[in-house]
Amino acid sequence: MAKSNNSLAVKTRARTGTTAAIAVRRTGGIPGTLFGHGRPPVSVELEAKAFDELLHAGGKNQLLEITLDGGASDTALIRDVQRDPLTRRVIHADLQRVSATEEISASLPLVTIGVPEGVRQFGGVMDVIVRTIDVLGPANALPESIEADVSALGIHQHLSAADLVLPPKIKLDIDPATVLVSIEPSRTELEAEVPAAAAEGAEVPTVAESEAATPAETP
């Protein structure tokens, strides 16, 4: 059914419910729902092979051109994908109608770029705390992912959402203070820091204290 990398044909499902959904999957289809723009939700069927190819090509965050029952083209985004927990096959998908320039919210993968200085020079460990970024922007301007340059981060430093360089027309939909990536010492370095810190904090006895602590000799 796929026409190109971002095109998908879907057809209306006459029957709904669990039994009908199982029947769709048995014939190589994926049950789904098409909604948005004030129209009633429509139960649809997608071809599994074509839909999988879209997902592998980054279609999860791309504006799709869809045709319903061979009619006029429409534009939509993949809003939710449910997978079988064992086989990881797609078992249901939700598509939302959106116009090309309509501002929408999306959760995009965070991709780190570069090797942090704290890792490269000092053997630190990079901790990616947040792996998806919520953003707002026109449907036709959404990137496949958000990149974060972490190469300048040293030990005990972090990168927050406010530090991201976003593509044109895209803005954050999360607290700018949200910590995304942090660089911490390795476990070996932490274990070495504990006795060193203890040694630095220990008091050095004076000569008088040392003499007082020495037992007097018996004549």
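Biologist: In what order do the four strands of the open sheet run?

Modeller: The pairing in this open sheet is mixed. Two strands pair if DSSP finds at least two bridges between them; strands are E runs of at least two residues, helices H or I runs of at least four, numbered from the N terminus. The order is β10-β7-β9-β12.

Biologist: Which are the edge strands?

Modeller: An edge strand here pairs on one side only. That holds for β10 (146–149) and β12 (171–172).

Biologist: Which residue in β12 stands opposite L136?

Modeller: Strand β9 (residues 132–138) and β12 run antiparallel, joined by two bridges. Opposite L136 in β12 stands K171.

Biologist: What kind of model is this, and how are residues numbered?

Modeller: Numbering starts from 1 along each chain as its sequence is written, and side-chain values use heavy atoms, without hydrogens and water. Local features need pLDDT of at least 70 and side-chain atom pairs pLDDT 80 or more, while totals for chains, interfaces and linings use all residues, as this is a predicted model.

Biologist: Why are the buried residues of α2 on the same side?

Modeller: In α2 (residues 48–56), the buried residues (under 20% relative accessible area, 1.4 Å probe, protein chains only) are A50, F51, L54 and L55. Residues three or four places apart in an α-helix point the same way, because there are 3.6 residues a turn. The four sit on the same side of α2 because their arc, taken from the directions from the helix axis to the C-beta atoms, is only 140°.

Biologist: Which exposed residues does the opposite face of α2 carry?

Modeller: Exposed means over 50% relative accessible area. The face turned away from the buried side carries K49 and H56.
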